Amino acid sequence: MHCASCVARVEAAVGKIDGVESVRVDMPSRTVSLSCRPGLDLRLVARAIEALGYDVLGKSESRIEAEALGFSSQRDEERRFFWRFVLGATLSAPLMAGQRLGLSPYTELLLALPLQVWGGWHFHQGLARSLLRRAADMNTLVSLSTWVAFLFSSFVVLFPESLPSEARVTQWDAVAGLVTLVTLGRWLEARTRGKTSEAVARLMRLSPKSVRVLRAAPSEEIVLIETVRVGEVIRVRPGEQIGMDGVVAEGSSAVDESLLTGESLPVEKAVGSRVWGGTVVQQGSLDVRVERPGVESALARIVDAVRESQSSKPRIQKLADKVASVFVPVVILIAVASALLWAMYGPEPERILLALTSMANVLAVACPCALGLATPLALMAGMGKAAEMGVFIRNADVLEDIGKLDAVLFDKTGTLTEGRPKVVETVVFQGGADRLLALAMSAEQRSEHPLAAAVVAHAGLAGAEPEPVERFEAVPGRGVRASVAGRQVLVGTVPWLTREVGPPPAGDAARLADHGGAVEAGGRASRPPSGRTLAAGGSVLGVCADGAWLGAFVLADALRPTAKSAVASLKEMGVEVMLVTGDRKETAEACAREAGIAKVFAEVLPEEKAQVVRRLMAGGLRVAMVGEGFNDAPALSLADIGVALASGTDIAVESADMTLMKPDLGNLTRALKFGRRIRRVIRENLFWAFAYNVALIPVAAGALYPFFGIMLRPQYAAAAMTLSSISVVLNSLRLRRTT
């Protein structure tokens with residue numbers, strides 16, 4: 001495939017097959033991705049593509065394997081283009097200087113014949129295939145333009161007496177220029193197109209292929225990564241890559257995670273820490289219990305996500321594809337019409353020569369290569385660079401929404417804050433601190449919520465021991481419900497507990513309200529610091545057992561270091577920033593004030609977060625939602641742009657359109673700015689591709705000749721067409737230089 005017409009044609013043919021639910025063609029990698037119903041005979045798909053004149057190299061359920069076939073074919077084609085260009089340049093030199101060298105007409109014909117036939121074979125093969133499928137593409141235009149110049153020049157050499165003396169002008173220089181320059185352009189395109197996928201290729205090369213597995217500890221066995229099962233333990237020595245995602249079972253080390261997050265500083269890991277495949281152990285060895293197969297590792301999913309995003313199409317490119325699908329037939333009609341007009345009304349004795357020249361010009365100058373390359377190359381370069389920055393954009397439609405973004409909604413815990421809250425005060429109503437801590441620890445130890453982790457850590461430091469848990473249920477945005485040693489325990493937000501078991505006794509409620517006489521673990525009485533309320537700046541988790549209030553925990557969470565600057569940058573971009581959280585109003589407003597956010601939606605349940613997003617969108621705003629928790633997933637899915645932190649839950653990451661691998665909110669503003677830049681480059685490419693054709697087709701047809709005596713030569717038309725494609729490639733590659 002070589003142009004947007006090819007893309008539109010293949011998508012249309014495959015999309016008509018019964019059982020194909022969706023199809024997407026990616027021109028740079030030359031792959032067809034389809035979703036289909038089970039049982040579809042893929043030979044039908046192959047035959048439909050081959051009926052259009054294309055070769056099917058193979059099939060795979062893995063995008064990486066399929067694209068490897070496409071890129072391998074592209075490298076072979078790049079070599080063919082190079083040698084055809086070398087032949088073309090060798091034969092073109094004497095043809096371009098034929099008069100100065102005093103070559104006979106027959107010698108020029110003998111030089112032009114292999115140049116036209118073998119040097120331009122790839123164009124003529126495309127023409128033959130297009131005739132078989134009764135559809136035209138870029139190869140059709142190039143081949144026809146070279147044959148017009150070659151056959152006319154051959155006729156001049158072989159039958160000169162049949163033409164007026166003034167028309168006996170060969171166009172060997174046009175043949176040489178067309179074949180050589182267009183082949184040069186195709187070779188340069190193939191070379192530079194490969195550079196746009198460097199980031200993903202680098203990730204693929206860095207992915208480990210084998211690991212040390214401890215199947216008969218303490219002995220190690222080196223095996224291929226695909227043979228390792230979930231639950232097995234792998235050993236990673238200093239300087240080696242961690243092969244698969246998992247949890248540290250033994251050892252401690254600093255791990256370089258820059259491959260995934262872009263963070264240059266190593267991260268300390270100890271027993272219980274999560275680690276990711278592809279990251280590097282710096283000192284000390286780690287034994288890692290595998291949690292995901294190699295094909296589902298963070299690195300593999302990142303590569304797949306970037307591949308997916310690179311081959312997606314923004315809405316503007318879909319319009320360009322429709323235009324390109326009818327563009328080539330229109331160009332052929334314009335070429336034929338201009339030739340007929342010159343032949344009928346052109347000045348004697350040049351009218352035949354002018355007719356053939358205008359026809360060759362229009363065919364040569366109007367190849368829609370630039371249209372086909374405009375979006376895919378910008379996406380491959382931009383998405384690849386974004387991947388290096390630790391930002392993964394799921395599909396190209398996000399780029400359209402980035403440019404129109406009006407508001408950004410932040411979740412609080414774990415997003416705007418560090419997500420590592422600590423218990424700063426413990427309030428005991430009844431039953432004693434030891435009992436409160438033990439029941440709360442037991443109920444919360446199965447929860448993934450950061451507040452739950454803080455309570456468990458606090459209870460552990462206080463010496464509490466967990467008790468048997470018979471039943472556990474997480475209630476998103478509210479808390480947990482568990483059966484602990486025969487007691488029905490609830491730990492969660494005060495409003496939820498109030499609805500479930502009723503308000504705390506009047507005296508205890510007053511203590512929560514004006515925070516007097518708080519009792520810490522161990523029974524030592526204390527009061528909050530002067531001027532600070534129990535509610536201000538912290539979250540409160542209540543604890544109830546068998547319908548009675550036992551006490552509460554006050555937790556505080558620090559704002560992320562980059563939160564303030566990120567909010568300020570978003571405001572400078574003209575974006576309104578808001579906070580939406582299930583936390584209490586006082587806590588949410590304190591956090592918002594510190595971050596510089598004016599508008600707050602507090603005490604919002606998970607389903608209500610989505611309703612907030614829906615109301616803003618109904619008001620005409622383009623909304624981005626930033627979150628990391630299970631309870632953020634509905635809002636992330638609904639928003640125009642869902643942004644997840646990779647440190648969050650899997651469901652949040654899967655629901656998002658954009659993922660930040662590094663928990664640095666400064667990356668959010670950089671990602672939005674870079675997304676706008678990708679969008680701008682795509683629009684520049686498409687504008688140049690359309691404007692170029694609109695401007696040069698009339699010139700190629702001879703519109704300037706009656707007024708200024710200027711008629712474009714076919715080789716110059718070919719050079720202009722080649723420069724158009726190369727300019728699009730180079731403009732896209734500018735994205736690779738973004739820092």
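**Group meeting: a walk through the model**

Hi everyone, let's begin with the overall count: the secondary structure of the protein chain comes to 28 helices and 24 strands. Please keep in mind that this is a predicted model. The chain has 739 residues, and 54% of them count as buried. If we take contacts between residues at least 6 apart in sequence, 68% of them join residues at least 24 apart.

Let's move to the sheet. Seven strands make up an open sheet with mixed pairing, and their order is 12-24-23-22-13-20-21. Which strands stand at the edges? Those are strand 12, residues 391-393, and strand 21, residues 599-601. Each has a single partner strand, so one side of each is left without a neighbour in the sheet. From one strand to the next, the twist averages 20 degrees.

Here is one pair from that sheet. Strand 22, residues 623-627, and strand 23, residues 641-645, run parallel and are joined by four bridges. If you want a spot to click on, Val626 stands opposite Val643 in strand 23.

Now, what lies across these strands? Helix 26 lies across strand 12, strand 13, strand 22, strand 23 and strand 24. Its direction is at about 140 degrees to strand 24, which covers residues 658-660.

That helix brings us to the packing. In soluble globular proteins, nonpolar side chains tend to be buried together. In this model, the largest nonpolar core has 46 residues, and Phe410, Leu416, Ile597 and Met658 have the most contacts inside it. Which helix gives the largest share of this core? Helix 26, residues 666-701, provides eight residues. Apart from this core lies another one, of 26 residues, with Leu439, Val469, Val484 and Val543 among them.

Leu416 is a nice residue to zoom in on. Leaving aside neighbours within four places in sequence, Leu416 is in contact with residues including Phe410, Leu559, Ala563, Leu579, Ala595, Ile597 and Leu665. Asp411 and Arg560 are also among its contacts. So is Cys591.

Since a cysteine has come up, a word for those of you who think about reducing agents. How many disulfides does the structure hold? Zero. As for individual cysteines, Cys591 counts as buried because its relative accessibility is 9%, under the 20% cut-off. Cys36, at 30% relative accessibility, counts as partly exposed.

Next, Val612, in helix 23, which spans residues 606-618. Is Val612 buried or exposed? It is buried, with a relative accessible area of 3%. Not counting residues up to four places away in sequence, Val612 touches Leu409, Phe601 and Val604. Val612 and Val580 are 32 residues apart in sequence, and their C-alpha atoms are 8.2 Å apart in space.

Last stop: Thr146, in helix 7, residues 138-158. Thr146 has a relative accessible area of 1%, so this residue is buried. What does its side chain reach? The backbone oxygen of Ser143, at 2.8 Å. Setting aside residues up to four places away in sequence, Thr146 touches Gln116, His124, Val175, Leu178 and Val179.

To recap, we have seen an open sheet of seven strands, helix 26 lying across several of them, and a 46-residue nonpolar core that takes its largest share from that helix. Thanks for listening, and I'm happy to pull any of these residues up on the screen.

Note on methods. Residues are numbered from 1 along each chain as its sequence is written. This is a predicted model: local features need pLDDT of at least 70, side-chain atom pairs count only at pLDDT 80 or more; totals for chains, interfaces and linings use all residues. Side-chain values use heavy atoms; hydrogens and water are left out. A disulfide is a pair of cysteine sulfur atoms within 2.5 Å. Buried means under 20% relative accessible area, exposed over 50%, partly exposed in between (1.4 Å probe, protein chains only). A nonpolar core is a set of buried Ala, Val, Leu, Ile, Met, Phe, Trp, Tyr and Cys residues joined through side-chain atoms within 4.5 Å. Helices (H or I, at least four residues) and strands (E, at least two) are DSSP runs, numbered from the N terminus. Contact means heavy atoms within 4.5 Å. A polar contact is a pair of N or O atoms within 3.5 Å; within protein, one must be able to donate a hydrogen and the other to accept it, and residues adjacent in sequence count only if both atoms are side-chain atoms. Two strands pair if DSSP finds at least two bridges between them. Axes are lines fitted to C-alpha atoms, for helices over the stretch in contact, and angles run from 0 to 180 degrees between N-to-C directions.
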